[in-house]
Amino acid sequence: MSAGGDTLEQAKKHDRKIMITDIAIDKVPLVEVPGLTRDECEMIACEHKHLLRTAKESNNSDEVLFVLTLDGMRKAVIMGDEHSVNIKNSPEACGIIMSAQRKNVALLHNHPSTNRFSLIDISILIRYEQISTLSVVTNQGAVYILHKMSCFDYNKTVKLLKQRYDQYNTEAITHDAAVKMFLQECGKGGLSYAKG
């Protein structure tokens with residue numbers, strides 16, 4: 001996914017693409033996310049199923065991004081390729097983000113492989129105050145969600161991400177290890193991480 005020149009993409013280790021099946025869509029779970037209401041979690045689960053169906057039927061199981069407000073009133077759909085999807089390809093999506101209230105936008109996207117978030121995915125969530133929630137649903141139906149809690153601390157979270165990015169950038173750790181380490185400690189910056 002891309003916002004302001006950034007691309008939300010799968011981790012650098014690109015596993016083979018997995019085609020979406022009806023079984024994968026049916027098994028997409030409802031994930032309880034600290035900081036979100038039950039209704040918001042149910043809406044996100046429903047949107048994940050719709051996202052995978054859209055990717056399967058209209059985008060050859062490649063990446064699709066839903067940009068939506070948590071009240072469900074506004075939504076944009078952006079088609080990507082096997083490894084990324086660009087927010088800048090949709091003026092409607094950019095408009096939703098820029099006109100939304102603080103912490104009122106969710107970015108939901110699929111990864112055609114089994115990868116979770118990328119460092120770029122996480123940086124987009126952190127950077128925009130309007131974005132509260134970021135999710136990845138894999139083409140096999142696994143779900144990963146990051147959400148800014150009321151105690152979210154921008155500076156602490158940026159510092160945590162920068163530490164992991166620097167380690168990855170100097171090849172001290174792999175991209176996947178950097179993401180995994182960030183997810184283990186993201187609560188220190190006020191992000192909740194949930195999976196299903």
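The legends below describe close-up views of a predicted model.

**View 1. Confidence along the predicted chain.**
The protein has a mean pLDDT of 92, and 92% of its residues reach 70 or more. Among its elements, the lowest mean pLDDT, 44, belongs to strand β1 (residues 2-3). The highest, 98, belongs to strand β8 (residues 143-148). Over residues 2-14 the pLDDT stays under 50. For that stretch the model has 59 contacts beyond four places in sequence.

**View 2. The open sheet of six strands.**
The strand order is β4-β3-β6-β7-β8-β9, and the pairing is mixed. Strands β4 (75-79) and β9 (191-195) form the edges, each pairing on one side only. From one strand to the next the twist averages 15 degrees. Helix α3 (residues 91-99) lies across β3, β4, β6 and β7 (131-138). Relative to β4, helix α3 runs at about 135 degrees.

**View 3. Strand β6 and its two partners.**
Strand β6 (residues 105-111) pairs with strand β3 (residues 64-69) in the antiparallel sense, over five bridges. Within this pairing, F66 has L108 of β6 as its bridge partner, and L68 has A106 of β6. Strands β6 and β7 run parallel and are joined by seven bridges. One residue of this pairing is H109, whose bridge partner in β7 is V136.

**View 4. Burial on both faces of β6.**
In a regular strand the side chains alternate between the two faces of the sheet. On one side of β6 are V105, L107, H109 and H111, and on the other are A106, L108 and N110. Both faces are covered, and all of these residues are buried. Because seven of the seven residues of β6 are buried, the strand is largely enclosed by the rest of the structure.

**View 5. N104 in the loop between α3 and β6.**
The loop that holds N104 lies between α3 and β6. N104 has a relative accessible area of 19%, and it counts as buried because the cut-off is under 20%. Neighbours within four places in sequence left aside, N104 is in contact with L68, T69, L70 and D71. Contacts of N104 also include Q130 and S132.

**View 6. H147 in strand β8.**
H147 is located in strand β8. Its relative accessibility is 5%, so H147 counts as buried. Not counting residues up to four places away in sequence, H147 touches V33, P34, G35 and L36, as well as S132 and T133. G190, L191 and S192 are also touched by H147. The C-alpha atoms of H147 and L134 are separated by 6.5 Å, with the two residues 13 apart along the chain.

**View 7. Packing of α4 against α5.**
The axes of α4 and α5 cross at roughly 160 degrees and come within 11 Å. Since angles over 145 degrees count as roughly antiparallel, α4 and α5 are therefore roughly antiparallel to each other. The crossing in which α4 passes α5 is left-handed. Helix α4 makes the contact through L119, I122, S123, I126 and R127. From α5, the residues in this contact are Y154, T157, V158, L161, Y165 and Y168.

**View 8. Packing of α5 against α6.**
Helices α5 and α6 pack at an angle of about 160 degrees, and their axes are 9 Å apart. This pair, α5 and α6, is therefore roughly antiparallel as well. The crossing in which α5 passes α6 is right-handed. Helix α5 contributes T157, L160, L161, R164, Q167 and Y168 to the contact. Helix α6 contributes H175, A178, M181, F182 and E185.

**View 9. Buried and partly exposed residues of α6.**
In helix α6 (residues 175-185), the buried residues are H175, A178, V179, F182, L183 and E185. Their cover includes α4 (119-127), β8, α5 (154-169) and β9. A177 also lies in α6. With a relative accessibility of 25%, A177 counts as partly exposed, because that class starts where buried, under 20%, ends. A177 and R164 are 13 residues apart in sequence, and the distance between them in space is 8.7 Å, C-alpha to C-alpha.

Key: Residues numbered from 1 in each chain as written. Predicted model: local features only at pLDDT ≥ 70, side-chain atom pairs only at ≥ 80, totals over all residues. Heavy atoms only, no water. pLDDT = per-residue confidence, 0-100. Helix = DSSP H or I, 4+ residues; strand = E, 2+ residues; numbered from the N terminus. Contact = heavy atoms within 4.5 Å. Pairing = 2+ DSSP bridges. Axes fitted to C-alpha atoms, helices over the stretch in contact; angles between N-to-C directions. Buried < 20%, exposed > 50% of the residue type's maximum accessible area, 1.4 Å probe, protein only. Parallel < 35°, antiparallel > 145°, perpendicular 65-115°, else oblique. Left-handed = near helix turned anticlockwise from the far one by under 90°.
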